[in-house]
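I opened this notebook to record, one look-up at a time, what I could read from the structure shown below. I kept each entry short and in the order in which I went through it.

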Protein chains: 2
Amino acid sequence: MARPNTDMDAVRGQLLDLVEGIIQRRGATTVTLTELANEAGMSPANIYRFFDSKESLFEAVAERWFEPKIRIMDEVVASDLPPREKLYEFFARRFRLMQQNHEQDPVLFKSYCDLGHEHLEIVRGYLDLGDHYLAMIVAEAIEQGHFKGLTIDQSVSLINLMIQPFCNPGLMFDLVERLTEDKLKLVIATILDGMRGQSLSKLKLMAA
Amino acid sequence: MARPNTDMDAVRGQLLDLVEGIIQRRGATTVTLTELANEAGMSPANIYRFFDSKESLFEAVAERWFEPKIRIMDEVVASDLPPREKLYEFFARRFRLMQQNHEQDPVLFKSYCDLGHEHLEIVRGYLDLGDHYLAMIVAEAIEQGHFKGLTIDQSVSLINLMIQPFCNPGLMFDLVERLTEDKLKLVIATILDGMRGQSLSKLKLMAA
């Protein structure tokens, strides 16, 4: 009984390759199911067996983009690394992967960024999943004395802000020439060594 | 002899108001000098007395966007504040200003971001000027024992990366709901308390 599903998955994979080809040629403009059917030499009725709406096609494209990133996050969180190295690898491995993707085909990389930007409602679920994984690492770091005076949520939020250039692909695209792994190491170390809630009181604000 | 220049400046200012109106209505699509002349009820020949090319028109638009930010940076750098508060005010005052601009007219704000993104060669000079001001504050901070083991340039580069959401208007637009001054305070404090060159050796990398 598994055979038909496997075949379906294989065809879906081939269709997604075609979609990538369309995005590569045309940028992140809307790909329609009719167009994909034409490209695949399929009838429009047939294509609906694989993707029942344009929405579900974009969900599949997003799934393919995020799948290796989720695998990385899963592996790092499950590893025995101490929190310091865990936090570094959590971002560094995805940063390396995205840098490779960018190097291989900068135009396609940019198109995926634009596509994600246009379909934030689909992307958001993946970002929330990333926050969930990050929260697990932050909880371990807090146990070891980091992020004093901050909650897990506050820490996750601040880390996400300070690490943007290394994990937001659109920003990464703009800053790519200025980004290195050594800088990421320093950013992670700065976050671990400097981030605490008490710092807030140290900043005496000027009278406005 | 000053009179004609003053008049010229006044008309240039009015023309830039018209340009803002066009950007507001149409987004960051290219504004031509002919279109601006029409809008102003001027002959195309006359408009060239004020802007001798489309390029010089965009330079004037950029100058108008950056002028209040440069004034802020100038004031903060010249102030007697200690480096900690200086670094905070350097970013906080511009952050507040851009937040206000965004609140007043989010669509226009976004159009200016897009326009800057399309004319990076014009924007770059202003970003370099910002780096120059930041380097002056960093030099004072280093004198007071911050950023040990890092050069001024390294520190400026790292600070710029970690502060992106609070100073890059395009990113600010995307993250606006998550940005607060308290978070900026914590980011600045984290940078000042945690950033040092020696941190690099603390991160033992995993065998790849």
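The entries that follow go from the single chain to the interface, and then to salt bridges and cysteines.

**Entry 1: the model and the fold of chain A.** I noted before anything else that this is a predicted model. I then looked up the secondary structure of chain A and found 12 helices and zero strands, so that, by the DSSP runs used here, the elements read α-α-α-α-α-α-α-α-α-α-α-α from the N terminus on. Taken along the principal axes, the box filled by the C-alpha atoms of chain A is roughly 65 × 45 × 30 Å. Of the 208 residues in chain A, 48% are buried. I also looked at contacts in chain A with a separation of 6 or more, and 67% of these join residues 24 or more positions apart.

**Entry 2: the interface.** How many residues of each chain are in contact with the other? I found 42 residues of chain A in contact with 42 residues of chain B. The two chains, A and B, bury about 3900 Å² between them, and 69% of that area is on carbon and sulfur atoms. I searched for salt bridges between chain A and chain B and the count was zero, whereas four residue pairs are in polar contact across this interface, both residues being at pLDDT 80 or more. On the side of chain A that touches chain B, at least two residues each come from H5 (83-104), H8 (152-162), H9 (164-167), H10 (169-175), H11 (181-194) and H12 (199-202). Helix H11(A) gives the most to that side, with 10 residues. Sorting the residues of this side of chain A by kind, I got 20 nonpolar, nine polar and 13 charged.

**Entry 3: salt bridges.** Over all chains, the search of the whole structure finds 22 salt bridges. I picked out Arg64(A) and Asp17(A), whose closest N and O atoms are 2.9 Å apart. Arg64(A) lies in helix H4 (residues 54-78) and Asp17(A) in helix H1 (residues 2-26) of chain A, so this pair ties together parts that are 47 residues apart in sequence. Both ends count as partly exposed, Arg64(A) at 34% relative accessibility and Asp17(A) at 44%.

In chain B, I found that Arg64(B) and Asp17(B) also meet in a salt bridge, at 2.9 Å from N to O. Another salt bridge in chain B joins the side chains of Arg93(B) and Glu75(B) at 3.7 Å. Since Arg93(B) is in helix H5 (residues 83-104) and Glu75(B) in helix H4 of chain B, the pair ties together parts 18 residues apart in sequence. In chain A, I noted a network of salt bridges that links Glu75(A), Glu89(A) and Arg93(A).

**Entry 4: Arg84(A).** Is Arg84(A) buried or exposed? This residue of helix H5 of chain A is buried, with a relative accessible area of 14%. Its side chain is joined to that of Asp193(A) by a polar contact of 2.6 Å.

**Entry 5: cysteines.** I counted zero disulfides over all chains. Why is Cys167(A) not bonded to Cys113(A)? Cys113(A) holds the closest cysteine sulfur, but the distance to the sulfur of Cys167(A) is 12 Å, which is too far for a bond. Cys167(B) is in no disulfide either, its nearest cysteine sulfur being that of Cys113(B), 12 Å away. I recorded Cys167(B) as partly exposed, at a relative accessible area of 21%.

Terms used: Residues are numbered from 1 along each chain as its sequence is written. Chains are lettered from A and ligands numbered from 1 in the order in which they are written. This is a predicted model: local features need pLDDT of at least 70, side-chain atom pairs count only at pLDDT 80 or more; totals for chains, interfaces and linings use all residues. Side-chain values use heavy atoms; hydrogens and water are left out. Contact means heavy atoms within 4.5 Å. Buried area is the accessible area (1.4 Å probe) that two parts lose on being put together, summed over both. A salt bridge is a side-chain nitrogen of Lys or Arg within 4 Å of a carboxyl oxygen of Asp or Glu. A polar contact is a pair of N or O atoms within 3.5 Å; within protein, one must be able to donate a hydrogen and the other to accept it, and residues adjacent in sequence count only if both atoms are side-chain atoms. Helices (H or I, at least four residues) and strands (E, at least two) are DSSP runs, numbered from the N terminus. Ala, Val, Leu, Ile, Met, Phe, Trp, Tyr, Cys and Pro count as nonpolar, Asp, Glu, Lys and Arg as charged, and the others, Gly among them, as polar. A disulfide is a pair of cysteine sulfur atoms within 2.5 Å. Buried means under 20% relative accessible area, exposed over 50%, partly exposed in between (1.4 Å probe, protein chains only).
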